[in-house]
Amino acid sequence: MFDFHPQLKQRFAALRTGAEFFSLRYVRESDQYLSVRKNVAEPPSLGRDEGAMLTVRVRGVEAYAATNDLSQSGLQAALERAEQQARVIAAHALLDLREQPVSSHRADYFSPNLEQPFPSLSDCYQLLGDESASVPKDERLVNWQVGIGVTQVEQIYLNSAGAELRQAQRFVYPGLDVTAYDGSDSQTRSLGRENFGQQGAGDVISRCGLLGAAPRVADQALQLLLAPNTPQGPRDLLLMPDQMMLQIHESIGHPLELDRILGDERNYAGTSFVKQQDFGRLQYGSSLLNVTFDPQIPEELASYSHDDDGTAASKQFLIREGLLVRPLGSALSQYRSGLDGVANSRASSWNRAPIDRMANLNIEPGDQPLEQMIGHIEHGILMSTNRSWSIDDARNKFQFGCEWGQLIENGELRGVVKNPNYRGISAQFWRNLSAVGDRSTFQVLGTPNCGKGEPNQVIRVGHASPACVFSKIDVFGGDA
């Protein structure tokens with residue numbers, strides 16, 4: 001399935017340059033998305049992309065050029081363009097990279113179950129059609145869709161210091177959604193899609209819980225139509241993992257990206273309320289909060305052995321017992337700032353330069369089963385599955401909305417409520433963390449759609465989390 005472009009290493013060895021260091025990063029990607037909408041199969045969406053980026057270092061200045069011409073002459077031309085750019089800007093450089101270490105590692109990384117072929121198009125359409133047909137017949141169910149996305153990526157990193165890093169990965173995104181409408185209100189309930197992605201084969205479909213889920217998801221959409229609006233006021237908030245991933249992503253992940261803290265993203269994606277001097281000092285959350293960069297959970301979307309600059313990846317705590325200890329900073333940002341970071345230099349494709357990106361950003365499990373967490377809440381609400389988000393440029397003040405809500409009174413789940421929303425300020429919110437679910441509540445999730453950078457890069461990010469409880473959070477319904 002993956003041949004790792006057998007001629008590429010030979011062509012790299014034949015490249016000629018006056019740069020003191022150079023590298024090549026090759027990416028080949030194929031995508032397919034299949035869906036069935038209201039029992040009708042839609043045409044498959046298929047894509048393929050392939051190319052390489054050449055990077056050089058000249059007198060401490062780095063520059064790069066990308067090409068989809070992978071012939072010897074095409075690679076040589078791109079390398080010469082990169083070297084020419086480096087020499088032009090060398091006189092104006094703000095940073096000398098001559099002392100920044102480079103990788104000489106050799107390693108291969110493969111997604112789990114990569115040797116298993118993915119189900120054929122016809123088998124996938126059969127599976128999706130059967131699931132679509134199981135949606136109950138009810139005139140209030142006006143739209144539904146079942147889909148599977150699959151992306152396969154082959155990547156090679158070579159450099160003049162002897163590094164040779166190869167990765168072969170397959171990412172799978174199952175999902176379904178059902179919309180109910182009663183003439184005055186519409187409600188959608190979903191499973192997977194934008195918040196469930198994993199590495200693997202057909203086993204990902206089973207882990208998502210897609211098979212047999214349509215009747216339950218449709219029933220929940222109908223329940224939401226009949227449910228009262230979410231009441232307004234302070235309540236304890238129990239967030240399920242499929243909402244925790246959005247909370248982690250927006251109010252921990254983006255604020256801790258070191259290039260954003262250093263000001264690189266101010267023009268586009270924004271800044272951060274976190275400052276360089278906060279590391280080792282800022283109490284980011286309660287003592288129950290333990291956040292890790294963890295590239296070692298095999299099925300999680302952003303598990304890998306090395307990042308796109310060749311830095312070896314290992315599990316690191318970013319927040320330990322609530323204290324902020326480490327940023328999401330790649331080797332370059334570490335060199336610039338003097339702070340320890342992680343292996344998170346990542347690019348969305350061959351024609352984008354690696355930048356500081358979230359990868360697998362997880363909350364470590366606590367010690368409470370779900371029943372115990374619910375039992376300790378006197379006046380609260382459970383929320384799951386994100387449907388809207390808004391957060392300021394510094395990733396501080398936020399307002400998030402969910403698909404599904406259930407009131408909790410005196411330690412018991414009560415009725416369903418619709419349009420559940422909550423708001424807060426990031427660090428204050430995490431300091432109100434009062435309970436963390438045990439491993440039985442822990443789920444490995446992820447999204448393919450994290451955007452950042454100029455030009456924009458949309459990249460895969462993994463988030464694994466248990467259910468969590470936050471005390472005295474401002475919640476409100478759709479009319480507040």
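**Notebook: strand 7 and its neighbours**

I began with one pair of residues: V172 stands opposite Q198, which belongs to strand 9. I note at the outset that the model is a predicted one.

**Entry 1. The pairing with strand 9.** I looked up how strand 7 and strand 9 (residues 198-199) run relative to each other. They are antiparallel, and 2 bridges join them.

**Entry 2. Burial of strand 7.** I then asked how many of the 18 residues of strand 7 are buried. Strand 7 covers residues 164-181, and 16 of its residues are buried, so the rest of the structure largely encloses this strand. For this step I took buried to mean under 20% relative accessible area.

**Entry 3. The pairing with strand 6.** I turned to strand 6, which spans residues 141-159 and runs antiparallel to strand 7, with 17 bridges between them. As an example I recorded E154, whose bridge partner in strand 7 is A168. I also inspected the hairpin of these two strands: 4 residues lie between the strands, and G162 takes a positive phi near 100 degrees.

**Entry 4. The pairing with strand 8.** Which residue in strand 8 stands opposite A180? I found Q187 there. Strand 8 (residues 186-192) is joined to strand 7 by 7 bridges, and the two run antiparallel. In their hairpin I again looked at the residues between the strands; there are 4, and G183 has a positive phi near 100 degrees.

**Entry 5. The pairing with strand 5.** I asked in which sense strand 5 and strand 7 pair, parallel or antiparallel. The sense is parallel, over 5 bridges, with strand 5 at residues 106-110. One of the residues I followed was A107, which has L165 as its bridge partner in strand 7.

**Entry 6. A patch on the surface.** I next left the strands for the surface. L94, L95 and L332 form a nonpolar patch there, and together they have about 320 Å² of accessible area. I located L95 in the loop that lies between helix 2 (72-89) and strand 5. The relative accessibility of L95 is 35%, so I entered this residue as partly exposed; that class lies between the 20% limit for buried and the 50% limit for exposed.

**Entry 7. An annotated span.** Finally, I consulted the UniProt record. This unreviewed entry places the feature "domain: Metalloprotease TldD/E N-terminal" at residues 24-86. In the model, I found that this span is 24% helix and 59% strand, and that its end C-alpha atoms lie 16 Å apart.

Definitions and conventions: Residues are numbered from 1 along each chain as its sequence is written. This is a predicted model: local features need pLDDT of at least 70, side-chain atom pairs count only at pLDDT 80 or more; totals for chains, interfaces and linings use all residues. Side-chain values use heavy atoms; hydrogens and water are left out. UniProt positions are given in the numbering used here, feature names are shortened, and annotations may be inferred rather than shown by experiment. Buried means under 20% relative accessible area, exposed over 50%, partly exposed in between (1.4 Å probe, protein chains only). Two strands pair if DSSP finds at least two bridges between them. Patches are made of residues with over 30% relative accessible area and no salt bridge: like charges are joined within 9 Å, nonpolar side chains (Val, Leu, Ile, Met, Phe, Trp, Tyr) within 5 Å. Accessible areas come from the Shrake-Rupley method with a 1.4 Å probe; for residues, only the protein chains shown count as cover. A salt bridge is a side-chain nitrogen of Lys or Arg within 4 Å of a carboxyl oxygen of Asp or Glu.
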